[in-house]
Each structure stands twice: as C-alpha cells, then as structure tokens.
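Me: I should be grateful for a close look at the side-chain contacts of this structure. Please set them out in one connected account.

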Amino acid sequence: MGDSNENPILNPSNFERTETIGEGFRVTWQVDFEEEIVTFDLEVETKGYVGFGFSKENGMDDADLIIGGVLDDKSTYFEDRFAKGHIVGLDKVQNWEFIEATETGETTHLKFRRDFDTGDA
C-alpha cells in the first residue's frame with residue numbers, strides 16, 4: 001500500500017462540507033487540520049449584509065460572530081463581533097480573516113477564515 005499521506009481517510013489533513021442551514025443560506029467549510037484553520041464560504045439569498053457565528057448554547061448569548069457584505073457602491077465590509085443576549089458589539093480583537101464578498105442579483109457571497117482557537121466562543 002502507498003504512503004498514508006495520500007489517503008485522506010488515513011491522514012485527513014483537509015476536510016470540506018457544504019450544508020444548507022436555512023432557506024437560501026448555504027455554507028461550505030474547509031478545515032485545514034495542519035494549519036488549524038477553518039475557511040467558510042457563504043452563499044445567502046439576500047442583499048446588503050450577512051451575519052454568521054457560533055455560540056456554545058446555539059443562541060445569540062455569548063456568540064462569536066461576523067457581519068459582512070457589499071454596499072450599494074460595491075465596496076465591501078467585514079467585522080468580527082460578539083453578542084451578549086441580543087446586543088451585538090464590535091470585538092476588541094479582530095481574529096476572523098476576511099477573504100472576499102460579492103453580490104450577484106439577490107445573492108450575497110462571503111468568504112472568510114479563522115483559527116480553530118481564537119479564545120472567543
């Protein structure tokens with residue numbers, strides 16, 4: 001048998017999965033186990049902005065999240081934020097890395113990544 005590095009089942013250095021997590025909200029994530037980074041690629045049927053995040057209890061309280069999108073002038077924005085209850089604030093440490101944002105028709109595409117452990121939720 002060949003080198004185990006060639007078989008992703010025996011040595012999974014990367015993993016990719018796509019899920020639809022709500023009507024018109026598709027998320028693909030790629031996991032790089034060697035670099036300990038996750039890259040997210042969102043395609044959402046909306047214009048303007050997209051919000052996405054994690055929490056330990058599956059709600060807004062103590063959530064680590066991002067808000068990003070495309071403005072009317074086609075400029076992009078992306079912010080690392082946090083939530084306490086339903087109050088959202090700008091995170092003091094911006095540790096989600098923005099890659100790109102585009103808007104086509106009624107769909108916003110947002111791509112970004114983060115380390116496995118940022119110290120946030």
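Reply: F15 lies in strand 1, which spans residues 14-22; a strand here is a DSSP run of E with at least two residues, numbered from the N terminus. The model is a predicted one, in which local features need pLDDT of at least 70 and side-chain atom pairs count only at pLDDT 80 or more, whereas totals for chains, interfaces and linings use all residues. Residues are numbered from 1 along each chain as its sequence is written, and side-chain values use heavy atoms, with hydrogens and water left out.

With a relative accessibility of 38%, F15 counts as partly exposed (buried is under 20% relative accessible area, exposed over 50% and partly exposed in between, with a 1.4 Å probe and protein chains only). Together with F33 and F116, F15 makes up a nonpolar patch on the surface, and the accessible area of these residues together is about 270 Å². Such a patch joins nonpolar side chains (Val, Leu, Ile, Met, Phe, Trp, Tyr) within 5 Å, from residues with over 30% relative accessible area and no salt bridge; the areas come from the Shrake-Rupley method with a 1.4 Å probe, and for residues only the protein chains shown count as cover.

The patch leads on to the aromatic pairs, of which the structure holds twelve. Rings of Phe, Tyr and Trp (its six-membered ring) pair if their centres lie within 6.5 Å, and planes under 30 degrees apart count as stacked, over 60 as edge-to-face and the rest as tilted. F33 and F116 form an edge-to-face pair because their planes stand at 80 degrees, with the ring centres 6.1 Å apart. This pair links distant parts of the chain: F33 is in the loop between strand 2 (25-32) and strand 3 (37-44), while F116 is in the segment after strand 9 (107-115), 83 residues apart. F33 is partly exposed because its relative accessible area is 40%. F116 likewise counts as partly exposed, at 35% relative accessibility.

A further aromatic pair is made by W96 and F112, whose rings are 5.5 Å apart from centre to centre and tilted, with 55 degrees between the planes. W96 belongs to strand 8 (residues 96-104) and F112 to strand 9, so this pair ties together parts that are 16 residues apart in sequence. W96 counts as buried because its relative accessibility is 5%. F112 is buried too, its relative accessible area being 0%. Both W96 and F112 belong to a cluster linked by ring pairs, in which the other members are F25, F40, F52, F54, F78 and F98.

W96 also has a charged partner: the charged end of R114 sits over its ring, 4.8 Å from the centre. A charge is said to sit over a ring if NZ of Lys or CZ of Arg is within 6 Å of the ring centre and within 35 degrees of the ring normal. R114 counts as buried because its relative accessibility is 8%.

R114 takes part in a salt bridge as well, meeting the side chain of D64 at 2.5 Å from N to O. A salt bridge is a side-chain nitrogen of Lys or Arg within 4 Å of a carboxyl oxygen of Asp or Glu. Here too, distant parts of the chain are linked, with D64 in strand 5 (residues 63-70) and R114 in strand 9, 50 residues apart. D64 is buried, as its relative accessibility of 1% shows.

The structure holds six salt bridges. Another of them joins R113 to E97, and the closest N and O atoms of that pair are 2.9 Å apart. R113 is in strand 9 and E97 in strand 8, so the salt bridge ties together parts that are 16 residues apart in sequence. R113 counts as partly exposed, with 30% relative accessibility, and E97 is likewise partly exposed, at 41%. R17 and E19 also form a salt bridge, with 2.5 Å between the closest N and O atoms. R17 is partly exposed because its relative accessibility is 41%, and E19 is partly exposed with a relative accessible area of 27%.

Finally, R81 is placed in strand 6 (residues 76-84). R81 counts as buried because its relative accessibility is 17%. From R81 to Q94 the C-alpha to C-alpha distance is 8.0 Å, although these two residues are 13 residues apart in sequence.

Definitions and conventions. Helix = DSSP H or I, 4+ residues; strand = E, 2+ residues; numbered from the N terminus. Patch = residues over 30% accessible without salt bridge, like charges linked within 9 Å, V, L, I, M, F, W, Y side chains within 5 Å.
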